[in-house]
Structures are given as structure tokens and as C-alpha cells.
Amino acid sequence: MENPAKITALAITLNEAHNIEAYIKSLWFADEIIIVDSFSNDSTVPLASSHEKVTVYQRAFDNFSAQKNFAITKATNDWVTFFDLDEEVTPALAQEILEKFKNPSAIAYFVKRDFYFMGKRIKYSGLQNDYIIRFFNKNQCRYNANLVHETLEADGKTENLKNSLPHHTYKTFDDYTAKMHQYSALQAKMLYKKGKKPNYYHFLFRPFYRFWNQFIFRLGILDGKEGFILAYVSAFSVFKRYINLWLLYRKID
């Protein structure tokens with residue numbers, strides 16, 4: 001499909017060779033694609049660079065907000081998309097973005113993400129109402145200073161798009177848990193900067209609460225074995241967060 005609009009598609013990457021071609025193809029509607037890569041050691045950069053409308057910048061990763069805000073500064077156009085590479089930009093969603101671009105009634109648009117884990121659509125587990133801004137005017141939006149779970153702050157009216165966004169977060173179990181460990185380490189750094197000190201409450205109660213809240217109260221039990229695994233990994237990531245925080249205070253790597 002060929003219908004390039006004056007839209008910049010942005011992404012940050014690290015070892016995404018398995019996703020990069022499909023990602024670029026799904027953004028047929030954008031007239032430029034900016035990729036900020038954290039020095040991948042696979043073929044992400046050469047594969048991306050082989051496409052005429054793709055520009056790749058390499059920048060050492062410090063945190064998600066800084067990396068994404070850097071990408072925004074490289075956009076030529078005012079209107080941008082910012083999809084993760086494990087998100088599937090469907091033709092229907094791309095067409096809806098084009099329609100909004102022609103006559104925007106807001107400065108940022110939320111998209112509902114449909115979470116897939118181990119090949120299964122997760123309908124509960126607290127993920128059933130996952131809305132995230134993925135199309136916005138760069139002049140009125142910036143990512144906050146969170147090192148992880150960064151949020152795009154929009155200074156103006158926002159709306160929801162009708163089409164949803166499949167989110168295929170799972171590649172392998174080790175890959176998924178590695179992401180959780182990375183997020184835990186970044187969250188620990190955020191808490192350390194705030195002067196938060198861990199205690200037995202954080203080590204014992206917080207992981208316990210996370211598991212039962214996600215599995216029972218957020219209905220993860222209805223997602224079956226996958227719901228149990230998600231709740232368990234989520235609980236362990238909370239435990240790992242406070243271990244990492246404790247290690248920061250102990251000056252132990």
C-alpha cells in the first residue's frame with residue numbers, strides 16, 4: 001500500500017531483527033520512519049537502514065523516557081506515531097490514523113492494546129483496559145521523566161481510537177523474564193533517587209499482594225495457566241525491584 005502522509009513513525013530498538021521488517025511494512029502510511037537504536041548486536045540496524053524512508057540513530061540507552069524524547073526531536077513532521085516493535089499496526093488502525101490526520105479533533109490519540117502472552121489473548125489480569133497514546137502532535141506532548149513505564153503527557157485534548165492494537169509481548173519465556181528484570185532494575189533506580197528504603201514490608205507483603213491482586217481481584221484466574229504465570233512473574237518482579245533497591249544502598253552490583 002502506498003499513501004504516505006506527512007507523519008513520522010518513531011521507534012526505539014535493541015536487537016529487534018526478528019520484528020523490524022514487519023514493523024516497517026506496517027507503517028506504509030508514514031512518509032518517514034525514525035529509529036533510535038541502543039547499539040543492537042544483531043542485524044536490526046542494517047535491515048532498517050536498507051529501507052529508503054528509514055533513518056537510524058544510535059544512542060546509548062539510559063532510560064525509556066530519555067530515549068523516546070530524543071526520538072521525538074528527530075521527527076521532521078508535527079504528527080507522529082510511536083509504536084513498540086512487538087505491537088501489530090493493523091491495516092484498520094493505520095487507516096483510522098490517516099483519517100484522524102486529515103482532520104484532527106485532538107492533539108493525542110489513545111489506542112486500546114490487546115495483550116497476547118504465550119500465543120494466547122489475555123482478557124483479564126488487569127490488562128483488559130490497557131489504553132496508551134500512540135498517535136500525537138509532537139509540539140504538545142512529551143514523555144515524563146520515569147525511567148520505566150514512561151507516560152506520554154499531552155498538553156491538550158485527547159481521544160480514543162476505535163481500532164485496537166495487538167500487543168505480542170512474548171517471544172520466549174527467558175526473553176519475557178529478562179524484560180521484567182530490566183524494568184525492576186530501572187524502577188529500583190527511581191526509588192533510590194527518591195530516597196525510598198526497602199524493608200520487610202516490601203520484601204514480603206508487596207510481592208504477595210501483587211500476585212493475589214492480579215490473579216484473583218483482577219481476574220487473572222480467568223486467563224488460565226497463562227494468567228497464573230503472568231501473576232507469578234509480576235510478583236517476582238516486585239520482589240526483584242526491592243532486592244535491586246537494597247543492593248543499591250549496599251553498593252553491591
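## A strand with two partners, and a pair of crossing helices

Strand E1 is joined by 4 bridges to strand E4 (residues 79-82), and E1 and E4 run parallel. Keep in mind that this is a predicted model. Let's look at E1 and its neighbours, then hop over to two helices, H5 and H7.

**Strand E1 and its surroundings**
- E1 covers residues 5-13, and 8 of its 9 residues are buried, so the rest of the structure largely encloses this strand.
- E1 also pairs with strand E2 (residues 30-37): here 7 bridges link the two, and they run parallel.
- Thr8 is a handy residue to find on screen: in E4, its bridge partner is Val80, while in E2 it stands opposite Glu32.
- Helix H1 (residues 17-26) joins the picture too, since E1, H1 and E2 together form a β-α-β unit that is right-handed.

**Helices H5 and H7**
- Helix H5 (residues 173-193) packs with helix H7 (residues 224-250) at an angle of about 40°, and their axes are 8 Å apart.
- Why is H5 called oblique to H7? Angles under 35 degrees would count as roughly parallel and 65 to 115 as roughly perpendicular, so the angle of about 40° makes this pair oblique.
- As for handedness, H5 and H7 cross in a right-handed way.
- On the H5 side, the residues making the contact include Phe173, Tyr176, Met180, His181, Ala188 and Tyr192.
- On the H7 side, Ile229, Val233, Phe236, Arg241, Leu245 and Tyr249 are among them.

Key:
Residues are numbered from 1 along each chain as its sequence is written. This is a predicted model: local features need pLDDT of at least 70, side-chain atom pairs count only at pLDDT 80 or more; totals for chains, interfaces and linings use all residues. Side-chain values use heavy atoms; hydrogens and water are left out. Buried means under 20% relative accessible area, exposed over 50%, partly exposed in between (1.4 Å probe, protein chains only). Two strands pair if DSSP finds at least two bridges between them. A crossover is right-handed if, with the strands pointing away from the viewer, the path from the first strand over the helix to the second runs clockwise. Axes are lines fitted to C-alpha atoms, for helices over the stretch in contact, and angles run from 0 to 180 degrees between N-to-C directions. Angles under 35 degrees count as roughly parallel, over 145 as roughly antiparallel, 65 to 115 as roughly perpendicular and the rest as oblique. A crossing is left-handed if the near helix is turned anticlockwise from the far one by less than a right angle, and right-handed if clockwise. Contact means heavy atoms within 4.5 Å.
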